[in-house]
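Trainee: Please take a close look at one part of this model and then work outward from it. I would like the cut-offs stated as you go.

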Amino acid sequence: MSSNPTAAPCDSGQIAEHFIAPDHPGSCPPDNARCAGPITSNCTDDSVCAANEKCCLNQCTNKCVSANLVKPGSCPLAKCASQYSKNTCSNDYDCVGNEKCCPSCGNNCYPPGPE
């Protein structure tokens, strides 16, 4: 992964690396574009993007795209022991570390289960 948004141009046939700026939550969506020419930049970091977007390398251009807000792993099966729902998260990046936002008595953070 490159932290430099102005990385050297891709060689013909090379799969582009993803640019991930640390400012906004989430990760860049997958992009398997093969760059044949120079990489252009419409953004330099997440600060110029909307709150739900990241500055990512996408189709050989650094640009603001919707962030992927899902962490690896799956939500564990949980049974609600209460009739009252409580939401402590709205997406995985509201949770600390590798915890995931899972539906159980509302949306709550849980350690991930296997994928």
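Mentor: What follows starts at one loop residue and moves on to the strands, salt bridges and disulfides.

The model is predicted, so local features need pLDDT of at least 70 and side-chain atom pairs count only at pLDDT 80 or more, while totals for chains, interfaces and linings use all residues. Residues are numbered from 1 along each chain as its sequence is written, and side-chain values use heavy atoms, with hydrogens and water left out.

The part to look at is Ser 104, in the loop that runs between β6 (100-103) and β7 (107-110). Strands here are DSSP runs of E with at least two residues, numbered from the N terminus. Ser 104 has a relative accessibility of 8% and therefore counts as buried; buried means under 20% relative accessible area, exposed means over 50%, and partly exposed is in between, using a 1.4 Å probe and protein chains only. With neighbours within four places in sequence set aside, Ser 104 is in contact (heavy atoms within 4.5 Å) with Ala 78, Lys 79, Cys 80 and Tyr 110.

The two strands on either side of this loop form a hairpin, with three residues between them, in which Cys 105 takes a positive phi near 55°. The pairing of β6 with β7 is antiparallel and covers four bridges; two strands pair if DSSP finds at least two bridges between them. One position in this pairing sets Pro 103 opposite Asn 107 of β7. Strands of a sheet pair through backbone hydrogen bonds, either parallel or antiparallel.

β6 also takes in Lys 100, and the side chain of Lys 100 meets that of Asp 92 in a salt bridge, 2.7 Å from N to O. The rule for a salt bridge is a side-chain nitrogen of Lys or Arg within 4 Å of a carboxyl oxygen of Asp or Glu. Lys 100 has a relative accessible area of 4% and so is buried; Asp 92, at 5% relative accessibility, counts as buried as well. Side chains of opposite charge can pair when their charged atoms come close.

On the other strand of the hairpin, β7, there is a disulfide. Cys 109 joins Cys 95, with the sulfur atoms 2.1 Å apart; a disulfide is a pair of cysteine sulfur atoms within 2.5 Å. This pair links distant parts of the chain, 14 residues apart: Cys 95 is in the loop between β5 and β6, and Cys 109 is in strand β7. The torsion about their S-S bond is about -85°, so the disulfide is left-handed. Cys 95 counts as buried because its relative accessibility is 7%, whereas Cys 109, at 24%, counts as partly exposed.

Away from the hairpin there is an open sheet of three strands in the order β3-β5-β4, with mixed pairing. Its edge strands are β3 (40-41) and β4 (53-58), each of which pairs on one side only. β3 pairs with β5 (residues 61-66) in the parallel sense over two bridges, and Thr 40 has Thr 61 of β5 as its bridge partner.

By the rule above, the salt bridges come to two. Lys 54 and Asp 46 meet through their side chains in one, at 2.6 Å from N to O, and both residues are buried.

Disulfides number seven in the structure. One of them joins Cys 43 to Cys 55, with an S to S distance of 2.0 Å. Cys 43 is in the loop between β3 and β4 and Cys 55 is in strand β4, so this pair, twelve residues apart, links distant parts of the chain. Its torsion is about 90°, so the disulfide of Cys 43 and Cys 55 is right-handed. Cys 43 is buried at 3%, and Cys 55 counts as buried at 0%.

Another disulfide joins Cys 49 to Cys 64, at 2.1 Å S to S. Because Cys 49 lies in the loop between β3 and β4 and Cys 64 in strand β5, the pair ties together parts that are 15 residues apart in sequence. The torsion about the S-S bond of Cys 49 and Cys 64 is about -80°, so this disulfide is left-handed. Cys 49 is buried at 9% relative accessibility, and Cys 64 is partly exposed at 29%.
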